[in-house]
Amino acid sequence: MKIKQIAEIIRATSLHWVGDGFPVNTLFSYQTQGNDISPFLLLDYAGPALFEPSDRPRGVGQHPHRGFETVTIVYQGEVEHKDNAGNAGKIGPGDVQWMTAARGILHEEMHGRDFTKNGGTLEMIQLWVNLPAKDKMTAPHYQAILSKDIPVVKLYDDGGIIRIIAGEYAGTKGPALTFTPINLWDLRIDAGRKIDLHLPDSFTTILLILQGSLRINGTEMIKGKELARFEREGDFISLEATGNTHFLVLNGQPIDEPIVGQGPFVMNMPGEIEQAMADYRAGRF
Ligand code: MN
């Protein structure tokens, strides 16, 4: 047993809009952190933000992706998705969409129709997960993972829960199919509770607080819209909730390959980005 030490703490800084529907803080990106965050590439945390009722759906119009997966986790509000492979769907609070763009997809991401009409609070996360080079040009795939299909493990008596979106916790497996080993857990822990999370040695580990605050390894405190990235060495982290706390644990085996990206394309070599742009322009997505 060896504790995973904190490598860095990142705090939300400037907010920017993705389309006209998603006011986001980008909490990490391969553009700045490179392979330190592998297999993860980027995390946008949208909201919580209040939207007034409207007749016109807000969001991001049709755009491409190639070379990775987008994972959308909705906490409040509704997101509707439509892509050129014929997939369409609406996800709401607690639901997750795990989209494998792989060799290429065109999609739009909009607020749900009812949410647009009625207004309300939107809170969601979009995580980009890299694909190994050998899988970057496989067929696109879409997993709609509804809240009811995500197993929940109760912690303590009733002082916390852990939703297992991907990977495994204490023998309970999450529904998401992944290309490389990934644990994605959504936890809520009452104030005063402590937990030791056992995580694979040599994996990347990132912990993002949505609400509340945690004391990590008995010392550092992090709170809402802050994240801690840990050293790969070690196999557990020790947490204490210092308020009622909602947080996400991202843990994955690093993909030790070069990363070259531009906008919605993330590949291994510059020539593959040029190819992606040429394919997109030629309507080959
Ligand atoms: Mn997209």
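Okay, let's start with a hole: the second largest pocket in this model has a volume of about 180 Å³. A pocket here comes from a 1 Å grid over the protein atoms alone: an open set of points where a 1.4 Å probe fits, with protein on both sides within 12 Å along at least five of seven lines, and lining residues have an atom within 4 Å of a point. For the volume, grid points are joined across faces, edges and corners, and what counts is the space filled by probe spheres set on the points.

Quick housekeeping before I go on. This is a predicted model, so local features need pLDDT of at least 70 and side-chain atom pairs count only at pLDDT 80 or more, while totals for chains, interfaces and linings use all residues. Residues are numbered from 1 along each chain as its sequence is written, and side-chain values use heavy atoms, with hydrogens and water left out.

Back to that pocket. Its lining includes P57, E80, H81, K82, A88 and G89, and from further along the chain come E108, M110, H111, G112 and R113. Strand 7, strand 8 (88-91) and strand 10 each give at least two of the lining residues. Strands are DSSP runs of E with at least two residues, helices are runs of H or I with at least four, and both are numbered from the N terminus. By class, this lining has three nonpolar, four polar and four charged residues. In that count, Ala, Val, Leu, Ile, Met, Phe, Trp, Tyr, Cys and Pro are nonpolar, Asp, Glu, Lys and Arg are charged, and the others, Gly among them, are polar.

Now, the largest pocket. Its volume is about 320 Å³, and 20 residues line it, with V18, D44, V60, E109 and Q126 lying nearest its centre. Which elements give two or more residues to that lining? They are strand 2 (15-18), strand 3 (22-29), strand 4 (40-51), strand 5, strand 7 (79-83) and strand 11 (120-130). The lining of the largest pocket divides into ten nonpolar, eight polar and two charged residues.

You'll have spotted E109 in there, which takes us to the metal. Which residues are the protein donors of the manganese ion? They are H63, H65 and H107, each through NE2, plus E109 through OE, and they lie 2.1 to 2.3 Å from the ion. A donor is an N, O or S atom within 2.8 Å of the metal (3.2 Å for Na, K and Ca), and since water is not among the atoms, a site may look incomplete. The sequence spacing of the donor residues reads H-x1-H-x41-H-x1-E. Take H65 and E109: this pair links distant parts of the chain, with H65 in strand 5 (residues 59-65) and E109 in strand 10 (residues 105-111), 44 residues apart.

Are those two buried or exposed? H65 is buried, at 3% relative accessible area, and E109 counts as buried too, at 10%. Buried means under 20% relative accessible area, exposed means over 50%, and partly exposed is in between (1.4 Å probe, protein chains only).

On to some backbone oddities. There's a cis peptide bond from S38 to P39, with omega near 15°, and P39 sits in the loop between helix 1 (30-33) and strand 4. Another cis bond joins G47 and P48, with omega about 0°, and P48 is in strand 4.

Then two residues with positive phi that aren't glycines. S202 has phi of about 80°; it's in the loop between strand 18 (194-198) and strand 19 (204-211), and S202 is partly exposed at 39%. N217 has phi of about 50°, in the loop between strand 20 (213-216) and strand 21 (220-223), but N217 counts as buried at 16%.

Last stop, helix 3. Helix 3 (residues 270-281) has twelve residues and reaches 17 Å from its first C-alpha to its last, close to the 16 Å expected at 1.5 Å a residue; that expected span is 1.5 Å times one less than the number of residues. Its buried residues are I273, A276 and D279. They cover an arc of only 125° around the axis, so they're on the same side of helix 3, the arc being that of the directions from the helix axis to the C-beta atoms. On the face turned away from that buried side, you get the exposed residues E274 and R281.
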